[in-house]
Amino acid sequence: SLYFILSLWAGLVGTGFSVLIRLELSAPGSVLGDFQLYNLIVTTHGLVMIFFLVMPMMMGGFGNWLVPMMLSLPDMGFPRLNNVSFWVLPVSMGLLFCSAFSEGGFGGGWTLYPPLSSIMGHSGPAMDFLILSLHIGGASSIMASINFYSTWGNMRAGCHQFYRVPLFCTSIGVTSFLLILAMPVLAGALTMLLTDRNFNT
């Protein structure tokens, strides 16, 4: 339920950013009057919608409600890990908004590509806040994925042979496995970007 509440709130925030984007594009010239602000809105909209609406709602919300029920379990395999993986998400979202309010924010697009994400493109702390935010969000995804994968793989009831597991649970298990593989790669890329910015690597 907490995942759903956070996701719905993030969806409202992201929709607000989307309305501002459409307002800017509704007329020739600049409606907002600041191109950096427009780029910041586009960047924040993309990150909020992906990392704080889609992923928490689809994996966290529906997964936590439906996987135990479909596998005839009282709860997930590691309930406390589940709790931690949720409560670091608001911290991550707070850091994302700290990024938006520090020295004009980061307006380099949600893909965070250099040179806009380099120290020459954005010299202030906004990009560093954003990197830290995504690191914490990635840690949340890894913790939740370990929990889902363990629950799906090891906690099936006796009546659930592997080929009789509901397809939704299998999709959550496969997605969890892919996230466990992909998130450390994202963390490595973000760490390299952080050291490029601050230690001239």
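Helices and strands are taken here as DSSP runs, with a helix holding at least four residues and a strand at least two. In this predicted model, residues 87-108 are 64% helix and 0% strand on that basis, and the end C-alpha atoms of the span lie 28 Å apart. The span is one of those that an unreviewed UniProt entry lists under "transmembrane region", the full set being residues 6-25, 37-67, 87-108, 129-152 and 172-194. Over residues 6-25, another of the listed spans, the chain is 95% helix and 0% strand, with end C-alpha atoms 29 Å apart.

Helix H1 covers residues 2-24, and its length can be set against an ideal rise. At 1.5 Å a residue, the 23 residues of H1 should span 33 Å, which agrees with the 33 Å that separates the end C-alpha atoms of the helix. The buried residues of H1 are Tyr-3, Phe-4, Leu-6, Ser-7, Ala-10, Gly-11, Val-13, Gly-14, Phe-17, Ser-18, Ile-21 and Glu-24, and the elements that cover them include H2, H3 and H4. An α-helix has 3.6 residues a turn, so residues three or four places apart point the same way. Ile-5, which also lies in H1, counts as exposed because its relative accessibility is 56%, where exposed requires a value over 50%. Between the C-alpha atoms of Ile-5 and Ile-172 the distance is 20 Å, for a separation of 167 residues in sequence.

The largest nonpolar core comprises 40 residues, and those with the most contacts inside it are Leu-47, Phe-52, Met-93, Leu-112, Met-127 and Leu-130. Two or more residues of this core are given by each of H1, helix H2 (35-70), helix H3 (79-100), helix H4 (126-154) and helix H5 (167-199), with the largest share, 9 residues, coming from H2. When neighbours within four places in sequence are left aside, Leu-47 is in contact with Phe-52, Leu-96, Trp-110, Leu-112, Leu-130 and Leu-134.

A search of the whole structure finds 1 salt bridge, formed by Arg-197 and Asp-128, whose closest N and O atoms are 3.1 Å apart. The pair links distant parts of the chain, with Arg-197 in helix H5 and Asp-128 in helix H4, 69 residues apart. Side chains of opposite charge can pair when their charged atoms come close. Arg-197 counts as buried because its relative accessibility is 5%, whereas Asp-128, at 22%, counts as partly exposed.

Arg-197 is also among the residues in contact with His-122, a list that, with neighbours within four places in sequence left aside, further holds Gln-36, Gly-105, Phe-106, Gly-107, Gly-108 and Leu-116. His-122 is placed in the loop between H3 and H4 and is buried, with a relative accessible area of 11%. A polar atom of the His-122 side chain lies 3.1 Å from the backbone nitrogen of Gly-107.

Within helix H4, the position of Ser-150 offers a further polar contact, in which the side chain of Ser-150 reaches the backbone oxygen of Ile-146 at 2.8 Å. Ser-150 has a relative accessible area of 18% and is therefore buried, the limit being under 20%. Apart from neighbours within four places in sequence, Ser-150 is in contact with Phe-78 and Met-155.

Definitions and conventions. Residues numbered from 1 in each chain as written. Predicted model: local features only at pLDDT ≥ 70, side-chain atom pairs only at ≥ 80, totals over all residues. Heavy atoms only, no water. UniProt positions renumbered as here; feature names shortened; annotations may be inferred. Buried < 20%, exposed > 50% of the residue type's maximum accessible area, 1.4 Å probe, protein only. Core = buried A, V, L, I, M, F, W, Y, C linked by side-chain atoms within 4.5 Å. Contact = heavy atoms within 4.5 Å. Polar contact = N/O pair within 3.5 Å; in protein donor to acceptor, adjacent residues only side chain to side chain. Salt bridge = Lys/Arg side-chain N within 4 Å of Asp/Glu carboxyl O. Expected span 1.5 Å × (residues − 1).
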